[in-house]
Amino acid sequence: DLWEKVLNPENEFRRQLIDQVVSTALPESKSPEQVSAAVKAFMTADLPHELIELLEKIVLQNSAFNGNFNLQNLLILTAVKADPSRVMDYINRLDNFDGPAVGEVAVEAQLYEEAYTIFKKFNLNVQAVNVLLDNLKTIDRAVEFAFRVEEDAVWSQVAKAQLREGLVSDAIESFIRADDSTHFLEVIKAAEDGDVYHDLVRYLLMVRQKTREPKVDSELIYAYAKIDRLGEIEEFILMPNVANLPVVGDRLYDDTLYEAAKIIFAFISNWAKLAVTLVKLQQFQGAVDAARKANSSKTWKEVCFACVDAEEFRLAQICGLNVIIQVDDLEEVSEFYQNRGCFNELISLMESGLGLERAHMGIFTELGVLYARYRPEKLMEHIKLFSSRLNIPKVIRACDEQQHWKELTYLYIQYDEFDNAATTVMNHSPEAWEHMQFKDIIVKVASVELYYKAVHFYLQEHPEVINDLLNVIALRVDHTRVVDIMRKAGHLKLIKPYMIAVQSNNVTAVNEALNEIYVEEEDYDRLRESTDLHDSFDQIGLALKIEKHELLEMRRVAAYIYKKAGRWKQSIALSKKDHLYKDCMETCSQSGDRELSEDLLVYFIEKGKKECFASCLFVCYDIIRPDVALELAWINNMIDFAFPYILQFIREYSSKVDELIKEKIEAQNEEKAKEKEEKDVIAQQNMYAQLLPLALPAPPMPGMGGGGGGYAPPPPQQMPGMGMPPMPPYGLPPMGY
């Protein structure tokens, strides 16, 4: 309390008191309690400068307390807070203080040089070098310090600082001096970033002596590869190691260190990777050998493509044959060759593939597509030989794109696309048309319209064989429509053979077309035959057309048509006009019209045609009335010409009378025989009635049972009839029985 009172700032004598205490009282004091109480009082009063003066008197001058550990610590710490400029002097002059603790306080107070001096004075080399590195940021002084002390821990700290600053080579050297292998991951990464593989090799060799890490061995191989020390790689992989060789090989390959990668892949028998590595090294023969050992489709493909790029087509074909047997890879190979313009080589490859045991549809198809694009002269032969092994739709598309119409038609036929085949032939006839082939196609098409399109096509381009075509499709086409097509084109005569062949169907359009042709050609025999056998046509129209024809026979056909149509008067009139009296008579006879016949007789009489009169009587014999005939003959003095008719009439009528008389006599005879038979039956029945009592047996005696002798004829129902009429009950058989 006393110290607190006298050191109060309001005490006007405080400064004088402090001076006396510092200069005289405490330096002469021998009591630790007094010194301790004074120091505490100064600290409590917050008098750091006065405390420093006090402590300097006690510690630095010769006194009983100059070696006191606590006072020295207090002096330095107070100076750190109150007067940093005195700290370095105190550090150099004092020896008995807590170096580590004071040093840390100095670092916190940013008195780095003082802290460094403290740590160095107390041989705390790691803390000292950390101050140089972390606080003073002076790597050069740290290195110099490390050379001076030569401690592994110091070198390790220096190495880490150098590593952080990007001084990779210096850091590696420091790590080697420190014999520190704990930070190999950071060192490896920094070395790779800084491309200091020579130094990294030295470091990794040191690390391998201390640890067995796959990462270390793998990085050592990679570092050897980077500095092109391939011999060391071969020696290293032959020695015991824990390197991850597959990963290292892949990394070397990715970083284009192909020679080193080749060594690794060959050692671990990774033939697939070895093959592609050799490809990168332009060692194509070795790559093919490695691919053969790998026997992988992907490997074969990579080597094949590389050989193509290098124009090693012989080796490329060896590889390609092992690729194209895989359906999924075939198209990729084909596109690769084609994109590089190697068409001939690709075709050669595919042709070689046809003979493979595992050749599949894709090879045959792809070769067909290639022929379509680049060797059209071989296309037809190919598709004919291997049509059953082709993917026909794909080849069809190729032929369509390349306009190979003949081959396209053949493929459509093989694929049963007859409609498309027929359309292709008609659209591209200069190349695709063959008459026999087209006939085979057209009968199999599904579209009916193609039949008529074919008719138009043949009419325009091949009229000379149009009838042959029509005969083939005759059963499938509408003959009327065909005739209309030809009629509109004005070439109806062109299909005359066809129409003759189908006229048996009695189609109106065909009949009329043929009749027109016959009229135009004045072929009256054919015309008469046509009208006689086929009646489906405009008969009256035709007759009107030819009844005034200049040819007699044509007019005669007109009369015949009138007769067939039942127009007897017109037919007879036309025949009269042409003096065709026989035709007149026959027409009258067929008509059955008595009036027409008798009018014809009158006509002959008027014309003085006596012979025709006589002939008409016989031709129309059945319908001419005898009285009319006799009357006309008698009036016109033609009895002599009618006499044959009269004789015939009398003979016919006398024969009819004789027949009637004969029939009547036969009827009378039959009636008499029937009456006689009836009388005989009645007589027989009467006889049966008279003889019945005599034929019945005597009645049985009483007590004698039902048996007994005597004759009892069976009932008449059980007697055979023998062709006789049925007998009455209990009757006797007739005498003849």
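**Close-up views of an all-helix model**

The accessible surface of the protein comes to about 40000 Å², and 50% of that area belongs to carbon and sulfur atoms. Please keep in mind that this is a predicted model.

**Figure 1. The whole protein, with 45 helices and zero strands.** Of the 737 residues in the protein, 43% are buried. Take the contacts between residues at least 6 apart in sequence: 53% of them join residues at least 24 apart. The count of salt bridges comes to 13. The views below visit some of these pairs, along with a few helices and single residues.

**Figure 2. A salt bridge between aspartate 250 and lysine 273.** The closest N and O atoms of aspartate 250 and lysine 273 are 3.8 Å apart. Aspartate 250 belongs to helix α17 (residues 245–254) and lysine 273 to helix α19 (residues 271–280), so this pair ties together parts that are 23 residues apart in sequence. Are the two partners hidden or not? Aspartate 250 is partly exposed, because its relative accessible area is 29%. Lysine 273 also counts as partly exposed, at 30% relative accessibility.

**Figure 3. A salt bridge inside helix α18, between lysine 262 and glutamate 259.** Here the closest N and O atoms are 3.5 Å apart. Both residues lie in helix α18 (residues 258–267), three residues apart, which is about one turn of the helix. An α-helix has 3.6 residues a turn, so residues three or four places apart point the same way. Lysine 262 has a relative accessible area of 23% and is therefore partly exposed. Glutamate 259 is partly exposed as well, with a value of 34%.

**Figure 4. Glutamate 520 meets lysine 493 in a salt bridge.** The N to O distance between these side chains is 3.0 Å. This pair links distant parts of the chain, 27 residues apart: glutamate 520 sits in helix α36 (residues 508–521), while lysine 493 sits in the loop between α34 (479–489) and α35 (496–502). Glutamate 520 counts as exposed because its relative accessibility is 55%. Lysine 493, at 43%, counts as partly exposed. Elsewhere, Lys301, Asp329 and Glu332 are joined into one network by salt bridges that share partners.

**Figure 5. Glutamate 407, a buried charge with no salt bridge.** You will find glutamate 407 in helix α28. Which side chain of opposite charge is nearest to glutamate 407? That is lysine 406, 6.8 Å away, and a salt bridge would need a nitrogen within 4 Å of a carboxyl oxygen. Leaving aside residues up to four places away in sequence, glutamate 407 touches Pro376, Leu379, Met380, Ile383 and Cys399.

**Figure 6. The buried residues of helix α29 and what they pack against.** Helix α29 covers residues 418–427, and its buried residues are Phe418, Ala421, Ala422, Thr424, Val425 and Met426. Which helices do these residues pack against? They pack against α28 (405–414), α30 (429–432), α31 (435–442) and α32 (449–461). Helix α28 may sound familiar, as it also holds glutamate 407 from the previous view.

**Figure 7. Helix α41, its buried residues and its cover.** In helix α41 (residues 581–591), the buried residues are Tyr581, Asp583, Cys584, Met585, Thr587, Cys588 and Ser591. What covers them includes α39 (552–564), α40 (568–577), α42 (594–607) and α43 (610–619). Look also at the residue that follows α41: this is glycine 592, whose phi is positive, near 70°.

**Figure 8. A negative patch on the surface.** Five residues form this patch: Asp658, Glu659, Glu663, Glu666 and Glu670. One of them, glutamate 663, has its place in helix α45 (residues 639–695). Glutamate 663 counts as partly exposed, because its relative accessibility is 47%.

**Figure 9. Proline 214 and leucine 245 across a stretch of sequence.** Proline 214 lies in helix α15 (residues 214–226). With a relative accessibility of 40%, proline 214 counts as partly exposed. How many residues separate proline 214 and leucine 245 in sequence? They are 31 residues apart in sequence, and their C-alpha atoms are 9.3 Å apart in space.

Note on methods:
Residues numbered from 1 in each chain as written. Predicted model: local features only at pLDDT ≥ 70, side-chain atom pairs only at ≥ 80, totals over all residues. Heavy atoms only, no water. Patch = residues over 30% accessible without salt bridge, like charges linked within 9 Å, V, L, I, M, F, W, Y side chains within 5 Å. Areas by Shrake-Rupley, 256 points an atom, 1.4 Å probe, with all protein chains shown as cover. Lys, Arg positive; Asp, Glu negative; His and termini not counted. Charge placed at Lys NZ, Arg CZ, Asp CG, Glu CD. Helix = DSSP H or I, 4+ residues; strand = E, 2+ residues; numbered from the N terminus. Buried < 20%, exposed > 50% of the residue type's maximum accessible area, 1.4 Å probe, protein only. Contact = heavy atoms within 4.5 Å.
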